[in-house]
Each structure stands twice: as C-alpha cells, then as structure tokens.
Amino acid sequence: MMKNEQNSCKVTILATSDLHGAVMPWSYGDHSLQQSGLAKLATLIHGVRSSNSNTVLIDNGDLIQGTPLSYIHTRMERDAIHPLVKCMNTLQYDAGVLGNHEFNYGLDVLRDVVKQSKFPWLSANIVNTQDNRPSFGPPYIVKTFANNVRVGIVGLTTQYVPHWELPSHIEGLEFKDAVATAQQWVRHLREQEQVDVVVAAYHGGFERDIVTGEWTEEDTGENQGFQLCEQIKGIDVLITGHQHRNLAAEVHGVSVVQPGMQGSYLAQIDLELEHSSVGWRVVNKRVELLSAEGVCADLDIIELMRPYEVKTQRWLDKPIGKLNGDMRILDAMQARIEEHPLIEFIHTVQMHYGGTRISCTSLFDNRSPGFSTNITMREVVSNYIYPNTLRVIRITGQDMKDALEQSARYFKLTDEGEITVNDSFLYPKPQHYNYDMWEGIEYELDISRPEGQRVTFLEVEGSPVQMKAHYDVAMNNYRAGGGGSYPMFAGKPIVKDIPTEMAELIVSYIMERGTIEGGVNHNWRVVNKRVDTID
C-alpha cells in the first residue's frame with residue numbers, strides 16, 4: 001500500500017566541507033588529474049536535486065583558502081567576485097558556515113566574500129564583542145518545504161580560532177563555546193520556530209572516538225562534535241568538518257557526516273518524515289558520502305572558472321629564479337628523518353627576515369615537490385601551501401626541549417625497528433605539518449626511547465642548551481601561537497612580527513638573489529639507537 005503523499009515527506013541535506021579552494025579537477029603542482037573538486041561535486045549535486053526538490057545545500061567552511069586559484073583572487077584580483085563564491089552562487093547554495101581558514105586573509109577579505117554571497121553565512125557562535133550579535137550573518141535559517149515541513153539549520157564554528165589566527169584578523173570578534181551556543185539555538189528552533197528538523201552545521205570535528213566515546217585528543221574545545229551529539233537534545237543531523245575525515249554514521253541517535261577535503265566527497269543525508277496528530281516527525285534517516293571519483297566535472301562550472309583559471313596558470317608559470325643544487329622532494333619521510341635542502345632553505349628565509357640564528361619549520365604534507373633548477377611561482381605555492389606569516393618569539397631552553405619532544409612523538413618504531421609515522425599524526429587526519437625540524441641548534445632524537453625522553457643531544461653554538469636561558473626563534477604564526485599541540489610557545493614574548501605571508505617572503509628572497517644555493521649542514525638527526533647498537 002502506497003503512503004499518502006500528504007502525510008509523508010522526504011528531505012535531503014547535501015553538504016560540502018573543507019573545499020580549500022578546490023574547484024578544478026587537476027593539480028596545480030603538476031597538472032595531473034584529480035578525483036576531487038567542486039566541479040565534480042556539482043554534477044552530483046545536480047543529480048540529487050533532480051530526484052528530490054526538497055533539498056538543502058550547505059557548505060561547512062574552509063572555503064576560500066588552499067589553492068592558487070583562491071590565493072590569486074584574495075591577493076591580486078579583489079575587484080572580481082571570489083571564484084569559490086561565484087561557484088556557490090551558481091549552484092544555489094542555501095547557506096555557508098565560516099571555517100577557521102576563512103579568517104586567514106583578514107576581515108576586509110572575509111566581509112567582501114560575505115557581501116558577494118547570494119546565500120547567508122551562518123554565524124551563531126561568532127559574535128561582535130560590542131553587542132554580542134552574530135558577526136557575519138544570522139545564527140540560523142529555516143527552510144520550508146512542501147506540506148509545510150520546516151527545517152532549521154544552525155551554523156557553528158570551532159571556538160579555537162583565536163589560538164591560530166593573527167589578532168588583527170579577528171579584531172572585535174568573540175568565539176563562543178559551540179556546545180553552549182548550540183544548546184541555546186536548538187532550543188529556540190524547536191520551541192520558537194517550531195521546526196520539524198534541526199541540522200547543526202559545525203566547522204569542527206570529533207574529540208572522541210565516535211563508537212567508544214573515548215577521548216582521542218586533549219579537551220581544548222577545538223573539536224566538540226561528540227559533545228554536541230551527546231549533550232544537546234533536538235539535533236537530527238550534525239554536519240562536521242575541520243578534521244578532513246570521511247564520516248557517515250550515527251552518534252547518540254544523531255546522523256553525522258564529514259565529507260573529507262578538497263571536494264573528494266559530497267555528504268548526503270536523506271530524512272523520511274511522517275505526519276501525525278502532533279505534527280511532522282523523522283521516522284527514518286540515511287547518511288552516505290558520494291565519491292567524486294569517476295564523476296564527470298560539470299562543464300558549466302569549468303566554463304565559469306575559465307577566466308580565473310587562465311590568470312592562475314599564467315601566474316603559476318612565472319619564473320622567479322634559479323637553483324644551484326637539488327631541492328626536489330623524492331621521499332617525504334626521508335626528508336623528515338634526514339635534513340633536506342628545501343627545509344634548510346626555508347630556515348634560511350625565516351632567519352633572514354626574522355633576524356635570528358634559530359628557526360623551526362615543517363614539511364607540510366607528502367605532496368610537496370621541492371624546487372627544480374628553474375624555480376616558478378607554481379613550485380613556491382606547491383611547497384608552502386598555507387598563508388602563514390612569520391613571527392619571532394623568545395623561548396627558554398626548556399621550551400625548546402619540550403617542543404622537540406613533542407615533534408619526536410611524530411615517530412614510532414615498527415616491530416622490525418623501522419622508523420615510521422605515529423598513528424596519532426595520521427588519524428583522524430594527517431598532521432605532518434605538526435612535526436618541526438630546527439636550524440641553528442644541534443640535536444638528536446632517539447626514537448627507541450619512550451616518548452618525552454627522546455631528545456638525547458641538544459646544543460647551540462657548541463655548548464649545551466641552558467634550560468633557563470632565553471633564545472629567539474623564527475617560526476610561522478600558527479606554531480608561535482601554540483598551534484599543533486605546542487602549548488610551550490603560546491603567550492611567549494613576540495620579538496618581531498612580520499605580517500607578510502611566508503610564500504611572499506620566499507619569492508622575494510629568491511628574486512632578490514636571482515640564484516639560490518641548495519645544501520645542508522647536518523645539524524640534527526633522527527635515529528633508532530637500539531638498532532644502531534645491535535648493528
């Protein structure tokens with residue numbers, strides 16, 4: 001027997017998250033085809049919408065940062081509409097949520113993006129310090145579908161943004177606790193707006209294992225997804241992000257999704273509702289991730305991006321200097337175990353502009369290609385992928401040692417004694433950028449020793465580092481603020497703050513010299529002395 005259409009309704013929620021500027025289905029580093037990007041997801045979006053007009057489309061944050069396409073716009077093409085916003089306007093998104101990376105280019109850029117958008121940016125827990133009102137848009141929206149089915153969507157952002165971002169980029173803003181904020185607005189949606197479905201779109205992830213409930217990270221408030229499911233009554237669907245995970249599950253009766261990163265997946269949640277004497281109620285929920293792999297890119301989106309893309313590719317191919325030596329990354333793991341010329345060069349740039357003798361930096365991911373003989377803009381932005389700025393802070397010798405011990409946690413030993421990456425730096429998302437390598441000091445990390453006891457040698461200029469002495473160190477602003485589980489750096493005196501992005505400093509350094517030299521001085525080593533002793 002068929003259901004009475006007047007007494008039943010199907011609502012579909014679609015969500016993207018952590019696109020990080022990815023629209024086109026190819027790599028800006030080497031032109032290789034990629035099974036990801038918003039152009040591919042657009043095809044999936046059209047397909048779902050054609051089968052159900054009761055569809056809501058939401059972006060869950062970290063939209064405008066991450067590719068040369070988005071970088072060039074924010075730095076050189078501000079007069080035009082942002083390419084990612086143009087795509088979202090064309091695809092008729094219903095709402096966006098602010099991610100932490102939305103603040104990377106400052107408030108002027110962000111406010112331009114908000115103005116250009118034909119959809120609201122939901123901003124429940126980011127409020128003005130002056131009047132306590134949401135800063136960038138309404139805290140929620142309500143979508144009404146056939147038969148007066150009402151769906152409320154509240155937008156939340158990780159409250160941890162001030163720990164990473166430059167103060168000038170978040171001036172006048174307060175980031176409130178996401179759980180407390182959700183409690184307030186979910187109740188409002190249920191009691192005042194009388195919605196039938198509540199969707200919480202949260203740019204944050206899970207702080208606990210979604211099956212066991214065990215804590216998987218420190219309780220800093222960066223990720224509160226599990227608490228939202230466990231503590232807030234009335235949420236039907238929780239869209240998450242930030243951690244770049246692929247999730248489609250149920251947690252405490254809440255349907256949760258997280259669609260990876262860079263447009264690798266589109267999240268789909270199908271809700272079946274039935275009407276009774278007390279109104280509409282959800283009787284069935286289905287969650288899944290639709291993969292972009294093998295999907296044809298939407299030609300309208302490709303054509304829409306063509307003018308942006310032409311400028312981007314022309315800029316990327318611009319030569320900026322030459323290299324005497326070899327800075328290619330052939331093995332990312334080896335570049336973290338044994339000093340590499342590319343890392344040595346980044347140290348050189350940081351110490352030059354920071355005016356220091358000590359520096360720390362990371363190899364951000366496993367896709368960094370390094371530099372070829374003829375260096376282009378493409379290679380710079382492919383290696384230094386974040387809009388970090390440079391900062392010099394004053395730390396103690398003890399801070400230095402503690403930071404090295406934190407970095408040493410990146411490694412573990414296999415049963416065969418091989419040095420490999422600790423699972424905690426791979427899951428729930430890869431965090432290669434949270435392993436630092438240092439210049440200006442001499443040190444050894446012995447991975448055969450217990451965590452917290454792996455720094456076996458630490459000197460500066462031929463003498464042991466003094467635990468109570470002070471040292472000025474150049475590093476990016478993310479790390480200088482304690483980001484990546486480096487609390488020993490948070491709140492330290494700022495000796496120098498250079499508000500220029502590191503990619504720009506790298507370009508300037510190369511262009512001023514014309515030719516750079518590649519080499520290493522072997523000031524540090526990562527070892528397994530248990531094996532060395534046996535050998």
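When I say that two residues touch, I mean that they have heavy atoms within 4.5 Å of each other. I will use the word that way throughout. The structure is a predicted model.

Let me start with the residue that calls for that definition, T55. T55 sits in strand 2, which covers residues 55–59. Setting aside residues up to four places away in sequence, T55 touches T12, L14, V48, R49, D94 and F145. Is T55 buried or exposed? Its relative accessible area is 8%, and buried means under 20%, so T55 is buried. The side chain of T55 also has a polar atom 2.6 Å from the backbone oxygen of N52.

Now the chain as a whole. The protein chain has 14 helices and 30 strands. Along the principal axes, its C-alpha atoms fill a box of roughly 80 × 50 × 50 Å. What radius of gyration would a compact globule of 535 residues have? That value would be near 24 Å, and the protein chain has 24 Å, which agrees.

Of the 535 residues, 58% count as buried. The accessible surface of the protein chain comes to about 22,100 Å², and carbon and sulfur atoms account for 47% of that surface. For contacts between residues at least 6 apart in sequence, 74% join residues at least 24 apart.

On charge, the protein chain has 48 positive and 69 negative side chains. The centres of those two sets lie 4 Å apart.

Next, helix 13, which runs over residues 502–513. I will take two of its residues, L505 and I506.

L505 has a relative accessible area of 6% and is buried. Leaving aside neighbours within four places in sequence, L505 is in contact with V349, Y353, L390, I498 and T500. Take V349 from that list: V349 and L505 are 156 residues apart along the chain, and their C-alpha atoms are separated by 7.2 Å.

I506 is at 3% relative accessibility and also counts as buried. Not counting residues up to four places away in sequence, I506 touches F345, V349, F371, V380 and Y384. How far apart are the C-alpha atoms of I506 and Y384? They are separated by 8.9 Å, with the two positions 122 residues apart along the chain as the sequence separation. V349 turns up in the contacts of L505 and in those of I506.

Another helix position is Q406, in helix 11, residues 397–408. At 13% relative accessibility, Q406 counts as buried. With neighbours within four places in sequence left aside, Q406 is in contact with F425, G484, S485 and Y486. The C-alpha atoms of Q406 and P487 are separated by 10 Å, and those two residues are 81 apart along the chain.

Now some loops, beginning with the backbone. Which two residues does a cis peptide bond join? They are Y427 and P428, with omega about 5°. P428 is in the loop between strand 22, residues 419–421, and strand 23, residues 437–439.

Two other loop residues have a positive phi without being glycine. D62 has phi near 55°, and N148 has phi of about 60°. D62 is found in the loop between strand 2 and helix 2, the helix being residues 68–76. Despite its place in a loop, D62 is buried, with a relative accessible area of 1%. N148 is found in the loop between strand 6, residues 140–144, and strand 7, residues 150–157.

The last residue is H31. H31 lies in the loop between strand 1, residues 8–16, and helix 1, residues 38–51. Why is H31 called partly exposed? Its relative accessible area is 47%, and partly exposed covers the range between the 20% limit for buried and the 50% limit for exposed. Not counting residues up to four places away in sequence, H31 touches W26, Q313 and R378. H31 and H244 are 213 residues apart in sequence, and from C-alpha to C-alpha they are 23 Å apart in space.

To go back over a few points with the model on screen: T55 is buried in strand 2, L505 and I506 are buried, and H31 is partly exposed. The cis peptide bond is the one between Y427 and P428.

Note on methods. Residues are numbered from 1 along each chain as its sequence is written. This is a predicted model: local features need pLDDT of at least 70, side-chain atom pairs count only at pLDDT 80 or more; totals for chains, interfaces and linings use all residues. Side-chain values use heavy atoms; hydrogens and water are left out. Helices (H or I, at least four residues) and strands (E, at least two) are DSSP runs, numbered from the N terminus. The radius of gyration is taken over C-alpha atoms; the globule rule is 2.2 Å times the number of residues to the power 0.38. Buried means under 20% relative accessible area, exposed over 50%, partly exposed in between (1.4 Å probe, protein chains only). Accessible areas come from the Shrake-Rupley method with a 1.4 Å probe; for residues, only the protein chains shown count as cover. Lys and Arg count as positive and Asp and Glu as negative; His and the chain ends are not counted. The place of a charge is taken as NZ of Lys, CZ of Arg, CG of Asp or CD of Glu. A polar contact is a pair of N or O atoms within 3.5 Å; within protein, one must be able to donate a hydrogen and the other to accept it, and residues adjacent in sequence count only if both atoms are side-chain atoms.
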